[in-house]
Amino acid sequence: MKTTKLLFMLIAMISLQVVSQQKNAPIIDRDIFFGNPEISAGQLSPDGNWISFQKEYNGIMNIWVKKFDEPFEKARPLTNNERPLGGYFWTYDSKYILFVKDNKGDENYNVYAVDPKDKAVKETGVPVFKNLSPMKDVRVMIYQVSRKDPNIMMVGINDRDKAWHDLYKLNIATGKLDLLFENKNRITGWNFDWDEKARLAYRTNEEGFSEILRVDGDNKFTKIYETNLQEKAHIAGWNKDNTKTYLVSNKGDVNFSTLYSFDDQTEKIEKIESDQKNKVDFGGMLIDDNTREVLYTSYIYDKRERDWKNKEWGEMYKYLQSKFKGKEIGFTSFTKDYKQMLIYVSSDQSASETYYFNRDTKKLIHQYTPRPRLKEVEQYLAKMESISFKSSDGLEIPGYLTIPYGAKKENLPLVVLVHGGPKGPRDYWGYNSYAQMLANRGYAVLQPNFRASGGYGKSFLNAGDREWGKKMQDDITWGVKHLVAEGIVDKKRVAIMGGSYGGYATLAGLAFTPEVYTCGVDIVGPSNLFTLLESIPAYWESFRKSLYEMTGDPETEEGRKLIREASPLFSVDKITKPLLIIQGANDPRVKQAESDQIVVSMRDSGKEVEYLLADDEGHGFRKPNNQMAMWVTTEKFLAKHLGGRYQETMSEEVAKRLGEITQDVSKVVYKKAKAIKVAAALPTLSNDLKEGTFGYDIKIAVQGQNIPMQSTRTIKKEGLQWVIKDVSTSAMGNSEDVVYLENMIPVKRIIIQGGQTTEVVYAPKKVSVTMMGKTKDFPVDSALLTSGAGYDMLIARFPLTEGYTTSFYNLDVMTQKLKIMKLEVVGKEEGNWKVKIVNVENEKEETILMIDGSKKMATYLEQVVPAMGNAKIISTLK
């Protein structure tokens with residue numbers, strides 16, 4: 001009891017010390033930092049007649065649109081997505097807005113189109129938008145959007161081979177996809193010239209080296225440039241007369257990436273420019289698509305600096321700087337003539353604002369402030385300053401330090417905030433919601449740009465190779481030591497926090513240098529580099545060798561030794577400080593298993609660990625209630641261990657969501673999926689179908705919305721075959737699903753939806769799917785059941801007795817994967833048989849059927865579809 005009292009007294013004393021250091025700074029509501037902005041991501045349409053932006057609709061940021069001269073209050077929503085979008089843009093003719101979205105954070109992006117002039121549908125409140133790539137488990141890459149024919153896009157789709165993207169021409173109006181190139185050459189991307197010709201291609205060879213190929217004809221390529229695993233190169237554009245490219249490269253003895261002129265025919269290369277200060281890489285360039293003139297080049301030191309090549313644009317930028325002194329100014333969108341634009345202004349201690357600017361008239365009109373509540377309290381935001389320090393081997397490490405508003409730079413609690421990547425990304429100067437939130441709660445925040453961070457030259461970038469948990473970690477540790485030595489930080493109150501690689505660094509910090517830290521917050525960080533490398537997405541195949549270069553090659557004894565030494569999971573016994581772990585269940589990069597493993601290991605070792613797991617997130621939390629719930633826990637965790645301030649209040653929605661994602665660590669299990677033996681064959685099904693017509697009421701419940709549908713089933717005998725046809729209608733469009741049976745065995749299935757026709761042919765030991773002109777075969781040596789029209793009628797002819805179980809394959813047509821389904825007859829309810837069918841690899845995918853034994857069909861069907869945001873589809877026989 002005395003020990004407990006002393007602990008609370010100590011925490012209270014530390015908290016009082018933090019408060020005394022922040023005399024005039026109020027606790028800023030976390031919703032101001034992480035709630036949905038009122039308006040964001042504004043874009044001018046290319047013709048200048050519209051402004052699109054993102055704004056909350058049904059609790060999620062969605063796309064809205066208004067005419068240019070209308071007030072924002074007159075805007076109307078165009079989308080009703082259940083999670084934040086991956087991005088959006090206008091077609092060049094201003095006819096469509098295109099956007100990409102994934103499923104619950106899985107990063108399998110489809111491309112959608114919506115006409116901003118269309119009227120809203122009553123059921124959804126938004127216009128009908130079209131999925132231009134209606135395929136599951138594919139990641140669509142957008143290579144080029146035409147200016148000459150704005151209805152055409154060039155896209156890559158990895159439907160045939162998950163590792164490599166085939167090249168398609170996509171008609172936006174019709175959704176028609178034309179295959180241009182079947183990628184069996186390890187092509188990773190394409191570059192189109194001013195004539196919109198696919199002039200160059202990027203390729204990764206078997207050694208992991210990157211190649212730039214000249215396209216000499218159909219499936220004819222000539223390698224014209226190559227970089228190894230330690231070098232980088234890309235094409236930044238084409239010159240005015242379309243004869244040469246702008247090449248950015250650090251090949252050879254070049255340390256800082258440089259801008260070159262490169263002739264793709266003669267392979268002649270000439271230097272244009274590099275950093276005159278010899279400190280950083282070439283940063284970027286802006287090219288006017290009309291004049292084809294380079295407007296500026298840029299370099300990022302502590303802050304961005306632009307070198308204006310066009311005098312008129314340079315004068316314009318000086319004019320804007322005179323209006324927004326001390327602020328960063330950036331360009332968000334232009335009209336097609338580059339005379340009108342939206343710009344944003346921001347700084348480390350201010351809320352960003354967006355303005356309209358006319359280059360001819362110099363008219364400057366405020367459009368919106370994304371976070372007006374942040375604007376009201378920006379006088380309390382903390383200053384971010386540039387710092388540098390030496391690491392264990394003397395390497396100079398740059399970074400940023402944020403000191404709480406009103407606090408003295410002495411004896412402060414510290415949160416080391418480690419960025420992700422690790423190879424390439426870096427932290428930048430400016431407003432950072434994480435840093436400001438932590439500073440407001442009383443913590444100094446260190447953001448080190450450790451070795452392997454991008455922008456500081458090739459040597460600095462590659463210095464992190466095979467140094468995970470070693471010198472890369474030293475760069476972070478020595479940053480803490482530097483601040484302690486300077487008297488800025490209290491060495492007894494230091495936390496480490498980060499996402500992705502930053503999450504790994506958190507785990508590594510607690511495992512390899514436990515004496516440095518008081519606690520840690522790991523957000524989607526890998527704990528076991530073996531399982532991380534085993535489970536990378538298929539479309540990462542092109543840089544698998546680069547990953548091995550960074551971490552160690554698991555195929556060699558030396559590499560396996562490096563990987564084991566660098567994996568925090570195998571040093572859990574050394575962790576002595578509390579850990580909070582935050583994970584998205586659908587993360588395709590750092591799988592849930594990475595967090596489950598270390599939670600179980602820490603728990604079983606008697607270590608202190610907390611765990612948040614969101615079933616609707618991927619690589620990081622994006623939905624506002626999830627973000628808020630994460631910060632409630634993070635604040636409380638840090639306050640408990642470092643003594644900072646903590647906002648106790650939260651909304652009912654956030655409290656509810658926090659309860660849902662907080663895991664009982666005593667119940668967390670890490671297990672690999674067990675192999676399920678599929679039945680050799682289906683039971684013999686009675687061939688006693690009868691012709692008839694049946695109607696169904698269908699309701700799709702997803703993200704708080706209920707979408708009604710109607711479906712009609714017809715059963716006809718055509719020769720020796722039974723034909724079962726389901727036709728569904730709704731405000732969102734119509735679809736057909738037709739299954740052909742012989743002796744109750746499926747022989748063919750036809751699906752018509754969204755203008756696309758898919759054919760499935762069932763043959764002995766093989767199923768073939770033809771989609772978009774391509775056929776793919778699947779060998780099947782065990783029981784298989786179609787999930788198409790009449791699915792329930794086939795199930796109704798199984799031996800329905802309580803406790804009966806079996807398993808079978810089911811072909812998911814959209815993902816083109818064979819799934820193993822487990823069937824169980826639960827028992828009878830109100831005279832009907834209750835049958836439960838579950839996907840063995842994803843138990844959230846579940847179907848419940850209530851089978852009428854006399855009618856031999858389902859009177860009620862309830863299906864949960866994870867790929868649709870855990871949508872629940874309920875069908876009821878009329």
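This report covers salt bridges and nonpolar cores in a predicted model.

**Salt bridges**

The model holds 57 salt bridges. Three of them are set out below, each with the gap between the closest N and O atoms.

| Salt bridge | N to O distance |
|---|---|
| Arg603 and Asp604 | 3.0 Å |
| Lys640 and Glu608 | 3.4 Å |
| Arg657 and Asp615 | 3.0 Å |

Take Arg603 and Asp604, which pair at 3.0 Å. Asp604 is exposed, at 56% relative accessible area. Arg603 is partly exposed, at 25%.

Next come Glu608 and Lys640, whose side chains meet at 3.4 Å. Glu608 sits in the loop between α12 (592-604) and β35 (609-614), while Lys640 belongs to helix α13 (residues 624-642), so this salt bridge ties together parts that lie 32 residues apart in sequence. Both ends are partly exposed. Glu608 has a relative accessibility of 37%, and Lys640 has 46%.

The third pair is Arg657 and Asp615, at 3.0 Å. This bridge also links distant parts of the chain. Arg657 is in helix α14 (residues 652-661), and Asp615 is in the loop between β35 and α13, 42 residues away. Arg657 is buried, because its relative accessibility of 12% falls under the 20% limit. Asp615 is partly exposed, at 30%. The pair does not stand alone: through shared partners, salt bridges join Asp615, Asp616, Lys623, Lys656, Arg657 and Glu660 into one network.

**Nonpolar cores**

The largest nonpolar core has 62 residues. Five of its members touch the most others: Leu414, Val416, Trp468, Ile476 and Tyr517. Helix α8 (residues 501-512) is the top contributor to this core, giving seven residues.

Leu414 shows how such a residue is surrounded. Setting aside neighbours within four places in sequence, Leu414 contacts Ala444, Val445 and Leu446. Its partners also include Val480, Leu483 and Val489. Arg493, Val494 and Ala495 are in contact with Leu414 too, as is Leu642.

A second core is separate from the largest one and has 41 residues. Among its members are Tyr696, Ile707, Val825 and Leu849.

Key
Residues numbered from 1 in each chain as written. Predicted model: local features only at pLDDT ≥ 70, side-chain atom pairs only at ≥ 80, totals over all residues. Heavy atoms only, no water. Salt bridge = Lys/Arg side-chain N within 4 Å of Asp/Glu carboxyl O. Buried < 20%, exposed > 50% of the residue type's maximum accessible area, 1.4 Å probe, protein only. Helix = DSSP H or I, 4+ residues; strand = E, 2+ residues; numbered from the N terminus. Core = buried A, V, L, I, M, F, W, Y, C linked by side-chain atoms within 4.5 Å. Contact = heavy atoms within 4.5 Å.
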